[in-house]
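Q: Got a minute to go through this model with me? Let's begin with the charged pairs.

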Amino acid sequence: MTLRTLRHVIAFSAVFIVLIGQAHAAPKPGAHALDDVRILSADDMEGRGVGTPGGAKARAYIVKRFGQIGLRPQGKAFERPFTFKPKVFGKDVTGVNLVARIEGTSSSDKVLVVSAHYDHLGVRKGQVYNGADDNASGIAGLLAVAEAFKARPPRHTVLIVAFDAEESGLKGAKAFVADPPAPLAKIGLNVNFDMISKNAKGQLYASGAGPQPWLKPVLEGVARTAPVKLLLGHDTDALGKHDNWTAQSDQGAFAEKGVPWVYFGVEDHPEYHQPTDDFATVPQDFFRRAVATVVTATRALDDDLDGISRAAGR
Ligand SMILES: [Zn+2]
């Protein structure tokens, strides 16, 4: 082998090693989503009740996944504890939100908050409420979005937030907006996922364009090519009515503060808030498509965040 050939071999090998390295570092966004749901909804997570060892175990898993994806915390640590009064009586409960930050590429100062709650109902009368759809599925979607934004950075700075204590009355989200890591006026949009894995008709809803019509063009654009049937709605009845989902998950805490929001989720199903909401009852093909849909939608909403903010008068 001549010296020149040797140089070529070395150069070629270097390129090859770099390519292998990249392929290893960046699997397709959402490639872990099914595993995330399976692990978070396994019996050893004990239904992820707020303030329980199961909740702490779920949190440790999400922090580990944040690390694998290469996320950095917003501030010193991912964990942001808060306390609240229980519904009936007793000692204050401590919940812990997890907040990661991905820097945006544009000079815009608007921030996009992408969220999903990781808590569920825990163990009741000896039964584990596994909460595969509610809301291990949303956390899996959140992690897939984080993977996508690490693979190709967002235009705006994105906070990836795993909320605790949603099932206690949106307590994690309320704590977040009461003491936000970025000024509320700079939060251009909250995109929230809660139950995205299960629908007999293959339908996923994007809620929010009713009261915030400026969201319609982006969401309709996403719906045209989405791999699920993406419908707009559940946001036009009087607030508090069953069919208006505004206050039914963490986006409600943002809406209350006047922060624009979009919610992705499915209609209730027989397993809703039942011990049967476990991994075995998740239709895997629909769930994969739903994850791809929320990844595409969140990218589109980031791309258009300045326009959305202007239209919203922020
Ligand atoms: Zn939920």
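**Salt bridges and the zinc site**

A: The count comes to 11 salt bridges, each being a Lys or Arg side-chain nitrogen within 4 Å of an Asp or Glu carboxyl oxygen. This is a predicted model, where local features need pLDDT of at least 70, side-chain atom pairs count only at pLDDT 80 or more, and totals for chains, interfaces and linings use all residues. Residues are numbered from 1 along each chain as its sequence is written, and side-chain values use heavy atoms, leaving out hydrogens and water.

Q: OK, which residue does E271 form a salt bridge with?
A: K198, with the closest N and O atoms 3.2 Å apart. The pair links distant parts of the chain, 73 residues apart.

Q: Are those two, E271 and K198, buried or exposed?
A: Both E271 and K198 are buried, meaning under 20% relative accessible area with a 1.4 Å probe, protein chains only.

Q: Any networks? Which residues are linked in one?
A: D36, R65 and E147 are linked by salt bridges.

Q: Switching to the metal: what coordinates the zinc ion?
A: H117 through NE2, D134 through OD, and D194 through OD twice, at 2.0 to 2.5 Å. Donors here are N, O and S atoms within 2.8 Å of the metal (3.2 Å for Na, K and Ca), and water is not among the atoms, so sites may look incomplete.

Q: And how are the donor residues of the zinc ion spaced in sequence?
A: The pattern is H-x16-D-x59-D. H117 and D194 are 77 residues apart, and both are buried.

How values were computed
Helix = DSSP H or I, 4+ residues; strand = E, 2+ residues; numbered from the N terminus. Buried < 20%, exposed > 50% of the residue type's maximum accessible area, 1.4 Å probe, protein only.
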